[in-house]
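Please take a moment with the sequence and the model before reading on. The paragraphs that follow go from a single residue to the interior and then to the surface.

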Amino acid sequence: MTVAHNPKELSRTAAPFRLDRNLLAELAETALTAARRAGASYADIRLGETRRQFIQAKEERLDEFFESVSPGFGLRVLVDGCWGFYGARSLERDALAAAVERAIHNARAVAPIRVAPVRLEETEPHVAEWIMPLGVDPFAVDAPAKVERLVAINAAALAAGADYCVSSFAFATEERLFADSRGSHIFQSRTRTQPSFEVTLIDKASGRFATRESLAPARAAGWDYALSCDLLGEARQAVEDARQKLYAKPVEAGVTDVVIDPTNLWLTIHETVGHSTELDRALGWEANFAGTSFVKPHMLNNLRFGSELMTIKADRSQEGGLASIAFDDDGAPRARAEFEIVSKGVFRNYQMAMGQAHLIGAERSNGCAYADDPTAFPIQRMPNISLAPNPEACKLEELIGGIEKGLYIVGAGSWSIDQQRDNFQFGGQMFYEIRDGELGEPVRDAAYQGRTIPFWNSLDGLGDASTYRLCGTFTCGKAEPMQLAPVSHGAPAARFRGVTVLNTARD
């Protein structure tokens, strides 16, 4: 049995647990004991709450304010090789008592249609506490201070010439107790922050308009992170960028070379690599929401996913990562979720949750389970997944300098990808011409298109750590009922050859 406790991490200010941990522990043990007595060969439970806050301002006024606290639990039992689950938005004893009976009933109801029994790997129990290091708890900051900051961002954009500006803050804090019948008992707390804005400029003569969204990424962090992003300064720059885009010439469609900034490439990694290497998709378990995957189990250790410059790593310990945490929602330690998905271009690992490993001949999962609410069934979700930077010195200027004619792409925009995570199209915030190795003027109405394997094999230039940036999303959707997962993706700047570029106003 292990005990995880890092005094260095806890030495920084952290959001205190709001919930009574002794009560949670007592409720968990009562439910697990009852589940074992009722015939469960294995049981686990997640108890806790999620706090959320969203604030949005348009121009000079508050437009939306939303805050919620969602307590609850989710009990999972394994009976005769079948999962049974029951969750409720309650932390009352009576609700827990009823949950055991319902979860056992649900497991037995599945038995007549069971194709194969669920097989769980043996796991070591963990008794641990992990509270994410945090600067300023965003929920301890008065709402008027947040609204004032948003209005100031909008004012900076309007003063710089924007016709409209909408800005927002989103915050979330999760408190969880995970306990299982093998003896694990894990308290965890983490907080995330997402600052955002969008400026709009209109050419009143033609009726055309241009927008530019903030490039500030969501992070596992507090209110101090939101302040550190210099959103006022970025809003002013965004107005200038939108003005240039508004009057820019249309992009020339065709096949060309591109350098993609990490503020754009993170989303391409997410859609083409992150989702395609989820084992539940490859097995056909996740087919209804955004499809399955072209990456089949027989391709493991065989598929040339990309060029030798491509190494994609999973890492739950990455500082500021939205999926960084000490244990996943199966109780697996984050050390398991530190592995290479693609190593020097070769596909090496799927992401897995508990009970899947034996299906591809592996010994155990690699710590990729997450439930977006205590009342939700944990499913396989991405840990932080990032493209490793070039270990050799390579600046952005060198990547651009290697292109005679092409584009430099900044910021995530629209996106589309097929049900197999293969054919894709991605927009962006800004597209700049590259001519004779020099960065030129912006162009408008651009997007790039391709197929996953040819695209990643066209990677022929990779920036070093100086070009690396960690980006990500609060809201990766999956499953039905849909669950939203936070995940970060880091990347350096990268150069790709022979990429199809579209003129979205014409094509």
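**From one residue to core and surface**

Leaving aside its neighbours within four places in sequence, Gln-56 is in contact with Leu-62, Asp-63, Glu-64, Leu-150, Val-166, Ser-167 and Ser-168. The model in which these contacts are found is a predicted one. Gln-56 itself is part of strand β2, which covers residues 42–58. Its relative accessible area is 16%, and because buried means under 20%, Gln-56 counts as buried.

The interior can be followed next through the largest nonpolar core, which has 51 residues, and in which Phe-305, Trp-456 and Phe-496 touch the most other members. Helix α7, made of residues 262–274, gives this core its largest share, namely five residues. Once the neighbours within four places in sequence are set aside, Trp-456 is in contact with Leu-265, Thr-268, Ile-269, Thr-272 and Val-273, with Phe-305, Gly-306, Ser-307 and Met-310, and also with Leu-387 and Phe-496. Apart from the largest core lies another one, of 30 residues, which includes Ala-162, Phe-171, Ala-216 and Ala-221.

What, then, makes up the nonpolar surface patch of about 310 Å²? Tyr-164, Ile-202 and Phe-209 form this patch. One of these residues, Ile-202, belongs to strand β7, which covers residues 185–202. Is Ile-202 buried or partly exposed? Its relative accessibility is 31%, and because partly exposed means between the 20% limit for buried and the 50% limit for exposed, Ile-202 counts as partly exposed.

Key
Residues are numbered from 1 along each chain as its sequence is written. This is a predicted model: local features need pLDDT of at least 70, side-chain atom pairs count only at pLDDT 80 or more; totals for chains, interfaces and linings use all residues. Side-chain values use heavy atoms; hydrogens and water are left out. A nonpolar core is a set of buried Ala, Val, Leu, Ile, Met, Phe, Trp, Tyr and Cys residues joined through side-chain atoms within 4.5 Å. Buried means under 20% relative accessible area, exposed over 50%, partly exposed in between (1.4 Å probe, protein chains only). Helices (H or I, at least four residues) and strands (E, at least two) are DSSP runs, numbered from the N terminus. Contact means heavy atoms within 4.5 Å. Patches are made of residues with over 30% relative accessible area and no salt bridge: like charges are joined within 9 Å, nonpolar side chains (Val, Leu, Ile, Met, Phe, Trp, Tyr) within 5 Å. Accessible areas come from the Shrake-Rupley method with a 1.4 Å probe; for residues, only the protein chains shown count as cover. A salt bridge is a side-chain nitrogen of Lys or Arg within 4 Å of a carboxyl oxygen of Asp or Glu.
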